[in-house]
Amino acid sequence: MNPFLQQMINHKLNNLSAEELTALASQYNIQLTDTQAVQIIRILRKEKIDVADLQQRDRIIRQIEAVVGPHTAQTVKVMFQSIVR
């Protein structure tokens, strides 16, 4: 991945608001409540996100799965993968 693009994505994820996450979920037809969005943002805020770090992505997806369920977490995982390619 282009390092500049990767840096931009990391910055966006590290500064994403719950409202922006809800809007993105809607754009991708992902069912996400406001409460779930806030919980996911809390997970993302626990550490500085690096989309190129596969272990970190998998760990975060597992944490998200505990909040929103396996189907939505899988969709988020696919979104991460499509961003990184």
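Accessible areas here come from the Shrake-Rupley method with a 1.4 Å probe. On that basis the protein chain of this predicted model has an accessible surface of about 5600 Å², of which 53% belongs to carbon and sulfur atoms. The protein chain has 5 helices and 0 strands, and its elements, read from the N terminus on, run α-α-α-α-α.

**Overall dimensions and packing**

- The radius of gyration of the protein chain is 12 Å, which agrees with the value near 12 Å that a compact globule of 85 residues would have.
- Taken along the principal axes, the box filled by the C-alpha atoms of the protein chain is roughly 35 × 25 × 25 Å.
- Of the 85 residues of the protein chain, 38% count as buried.
- Among the contacts in the protein chain with a separation of 6 or more, 53% are accounted for by residues 24 or more positions apart.

**Helix 1 and the nonpolar surface patch**

- A nonpolar patch on the surface is formed by M1, F4, L5 and M8, which together have about 390 Å² of accessible area.
- One of these patch residues, L5, lies in helix 1, which spans residues 3-14.
- L5 counts as partly exposed because its relative accessibility is 39%, and partly exposed is the class between under 20% for buried and over 50% for exposed.

**The two sides of helix 2**

- In helix 2, which comprises residues 18-27, the residues A18, L21 and A25 are buried; they lie on the same side of helix 2, because they cover an arc of only 60° around the axis.
- The other side of helix 2 carries E19, S26 and Q27, which are exposed.
- Helix 3, residues 34-45, is included in what covers the buried residues of helix 2.
- Just after helix 2, N29 takes a positive phi of about 55°.

**Salt bridges**

- A search of the whole structure finds 2 salt bridges.
- In one of them, the side chains of K12 and E20 meet at 2.9 Å, N to O.
- Both partners of that salt bridge retain some accessibility: K12 is partly exposed, with a relative accessible area of 43%, and E20 is also partly exposed, with a relative accessible area of 32%.
- The side chains of E47 and R59 likewise meet in a salt bridge, at 2.7 Å, N to O; because E47 lies in the loop between helix 3 and helix 4 (54-68) whereas R59 lies in helix 4, the pair ties together parts that are 12 residues apart in sequence.
- E47 is partly exposed, with a relative accessible area of 24%, and R59 is partly exposed as well, with a relative accessible area of 32%.

**A buried glutamine in helix 3**

- Q36 lies in helix 3, and because its relative accessibility is 18% it counts as buried, the cut-off for that class being under 20%.
- Leaving aside residues up to four places away in sequence, Q36 touches Q31, V67 and V68.

Methods. Residues are numbered from 1 along each chain as its sequence is written. This is a predicted model: local features need pLDDT of at least 70, side-chain atom pairs count only at pLDDT 80 or more; totals for chains, interfaces and linings use all residues. Side-chain values use heavy atoms; hydrogens and water are left out. Patches are made of residues with over 30% relative accessible area and no salt bridge: like charges are joined within 9 Å, nonpolar side chains (Val, Leu, Ile, Met, Phe, Trp, Tyr) within 5 Å. A salt bridge is a side-chain nitrogen of Lys or Arg within 4 Å of a carboxyl oxygen of Asp or Glu. Helices (H or I, at least four residues) and strands (E, at least two) are DSSP runs, numbered from the N terminus. Buried means under 20% relative accessible area, exposed over 50%, partly exposed in between (1.4 Å probe, protein chains only). The arc is that of the directions from the helix axis to the C-beta atoms. Contact means heavy atoms within 4.5 Å. The radius of gyration is taken over C-alpha atoms; the globule rule is 2.2 Å times the number of residues to the power 0.38.
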